[in-house]
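Work through the exercises below with the sequence and the structure side by side. Each task is followed by a worked solution.

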Amino acid sequence: MTTEKIHCHPTIILEKAGGLLIAWVVILLSQAEGIAALLIEEGINQDSLPLILCILGLMLLIPLLVTGYQFLVWRKTWIYMDGTAFIIERNTLNRKKNTYSIAHISNINMEQNLFELLVHTCRLKLDMENASDADSTDISILLSLQKAEELKSQLLSGSQGGEHTSFAMDGKQAESSYASFPEILSHCICSLPGYYLVFLGCLTGVLLLLLSAGEVGSLSDLLYEEGEGSFFMKMFAAAIFIFTYGYQIIKRLMAFYHFTAYRQGNDIIIHYGFFRKQDYTIPVGRIHALRIVQPPIARLMGRAEARIVCIGIGDSEEELTQLSLCRKKEDLFQCLAGILPEFPASSLNHMRRPPKHAGKLYACSCLCWIGICCLLPYAVTISLGFMETQWDTFLLYAYLWLGGFLVLYSLLRYSCIGFYGESAHVLFSGGSLTKTAMVIPYSHIQHLCVRQNPLSRYYGLYRGNVYILASVVNREVGFSYITEGEKDLLVLKMKKV
């Protein structure tokens, strides 16, 4: 393993200093009128020459200082490997030396933005296997493409305790592995979050309430209510609304451009992106859970998508956790059996239905929320006399609509819960509009917390959380209502690991 010391690519100076230089240019442009007036009024003569030189010197001094400092940092920063350690050493006035254990690298991400694509550089991002700083990238260095590939291969060899052989697909394999445009478009539509449908439902509900309350005679009256100008403003607002959702679809299409995921030995390789290309190499042993997600539209169409839970992936909006795009469940299980057989996703077909008496607990919870959100406010509005005003019908329908929504929400949550325990993995499912199932090895469960309220204690049911090694967003996995026997099985399996 080479111990050659290398620098980051020199373009990192521009990337580091670029933000401050742009801010300085903006400041100068905002003061350009005052500076120009000063030069014109004073004129260029012997008396004003020192002032002009001072202004010009200050305008040039800040960029020179910023660029010079970044050049010094780049020149005095070394990157190298020493045995099983990866070292980043900076020998500036305040010296700093970071030493990382190669064996604890969780994943390696190669990323390129538009500027880096043009200059043929690549940002190498490394995440270490620790929970303390799992919500940010531990190491981020900028290298040329060739050096990035070489360093990546050496790091993978060190983390796996052997030689890592690079794998390159030929043209036909690569073309067949890439997700086609129809597949990506289908995924983007089927994976729309549930709040899109909730917003559409709320908008429809408000319109129906206004129509039923007599505030609006018809939809045409709503559009043409205050003349032609109001109509065009409303149509403009509708166009903005449609454009916003269309932009989200286009953004997701670009994010999943040429998406592909395949298995190479003990590594999972994932590529995707158009404006921001990303290339992940994730050791299978660093994957702590598999998430099977069914957004509302996907549930209606019998589709699902797979995502991985791993430190360092999914911490930012640009980082996607996809292992598979949204596809038919049978096709998804077949794909996962080939790419990640360590996590038996097909076991979802054996998950048991909600346990006995779980429906009673959800019904009691629903009634409590209806009492708090509907009956209590209704009683308050009656006592204050609002139900005797022109808004009486509107308020009544609003409370009925809210009560119906709470009932529907409870039914959806009840229909999503499930549990299955086998020799090496436990499976939980939950959700409401979006159904999510988690496949978690017992060996990756660090902490189990179960709880009971008086009613669930009476029926002998438990709910709680398991905690795995992952980022804060994914570390806590909740489950709903398992029996005492299933709880004991879960504890027993954890103890045997």
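The exercises go from overall composition to sheets, cores, aromatic pairs and a single residue.

The model is predicted: local features need pLDDT of at least 70, side-chain atom pairs count only at pLDDT 80 or more, and totals for chains, interfaces and linings use all residues. Residues are numbered from 1 along each chain as its sequence is written, and side-chain values use heavy atoms, with hydrogens and water left out.

**Exercise 1. Overall composition**

Task: State how many helices and strands the protein has, and what percentage of its residues is buried.

Solution. Step 1: take helices (H or I, at least four residues) and strands (E, at least two) as DSSP runs, numbered from the N terminus. The protein then has 17 helices and 18 strands. Step 2: sort residues by relative accessible area, where buried means under 20%, exposed over 50% and partly exposed in between (1.4 Å probe, protein chains only). Of the 497 residues, 39% are buried. Step 3: take a contact as heavy atoms within 4.5 Å. Among contacts with a separation of 6 or more, 57% are between residues 24 or more positions apart.

**Exercise 2. Two open sheets**

Task: Give the strand order of the three-strand sheet and of the six-strand sheet, and identify the edge strands.

Solution. Step 1: two strands pair if DSSP finds at least two bridges between them. Step 2: the open sheet of three strands runs 1-2-3 with antiparallel pairing. Its edges are strand 1 (77–82) and strand 3 (96–101), each pairing on one side only. From one strand to the next the twist averages 15°; axes are lines fitted to C-alpha atoms, for helices over the stretch in contact, and angles run from 0 to 180 degrees between N-to-C directions. Strand 1 is joined to strand 2 (residues 85–90) by six bridges, and Met81 has Phe86 as its bridge partner in strand 2.

Step 3: the open sheet of six strands has the order 6-5-4-9-8-7, again with antiparallel pairing. Strand 6 (139–144) and strand 7 (260–264) each have a single partner strand, so one side of each lacks a neighbour in the sheet. The twist here averages 20° from one strand to the next. Strand 5 (residues 121–128) and strand 6 run antiparallel, joined by six bridges, with Leu126 opposite Ile139 in strand 6.

**Exercise 3. A buried strand**

Task: Explain why strand 12 counts as largely enclosed, and describe its pairing with strand 11.

Solution. Step 1: strand 12 (residues 322–328) has seven residues and five of them are buried, so the rest of the structure largely encloses it. Step 2: strand 11 (residues 303–309) pairs with strand 12 in the antiparallel sense over four bridges. In strand 12, Gln322 is the bridge partner of Arg307.

**Exercise 4. Nonpolar cores**

Task: Find the largest nonpolar core and the helix that contributes the largest share of it.

Solution. Step 1: a nonpolar core is a set of buried Ala, Val, Leu, Ile, Met, Phe, Trp, Tyr and Cys residues joined through side-chain atoms within 4.5 Å. Step 2: the largest such core has 36 residues, and those with the most contacts inside it are Ile270, Leu290, Ile292, Leu323, Leu336 and Leu340. Helix 12 (residues 329–339) supplies the largest share, four residues. Step 3: beyond four places in sequence, Leu340 touches Arg263, Ile268, Val284, Ile287, Leu290 and Leu323. A second, separate core of 26 residues includes Trp74, Cys122, Leu124 and Leu143.

**Exercise 5. Aromatic pairs**

Task: Count the aromatic pairs and classify the pair Tyr362 and Tyr414.

Solution. Step 1: rings of Phe, Tyr and Trp (its six-membered ring) pair if their centres lie within 6.5 Å; planes under 30 degrees apart count as stacked, over 60 as edge-to-face and the rest as tilted. The count is 14 aromatic pairs. Step 2: the ring centres of Tyr362 and Tyr414 are 6.0 Å apart and the planes stand at 75°, so this pair is edge-to-face. Step 3: Tyr362 belongs to helix 13 (residues 358–383) and Tyr414 to helix 14 (residues 392–416), so the pair ties together parts 52 residues apart in sequence. Tyr362 is buried at 6% relative accessible area, whereas Tyr414 is partly exposed at 28%.

**Exercise 6. Leu490**

Task: Is Leu490 buried or exposed, and which residues does Leu490 contact?

Solution. Step 1: Leu490 is in helix 17 (residues 484–496). Step 2: its relative accessible area is 1%, so Leu490 is buried. Step 3: leaving aside neighbours within four places in sequence, Leu490 contacts Val426, Phe428, Tyr442, Ile445 and Leu448.
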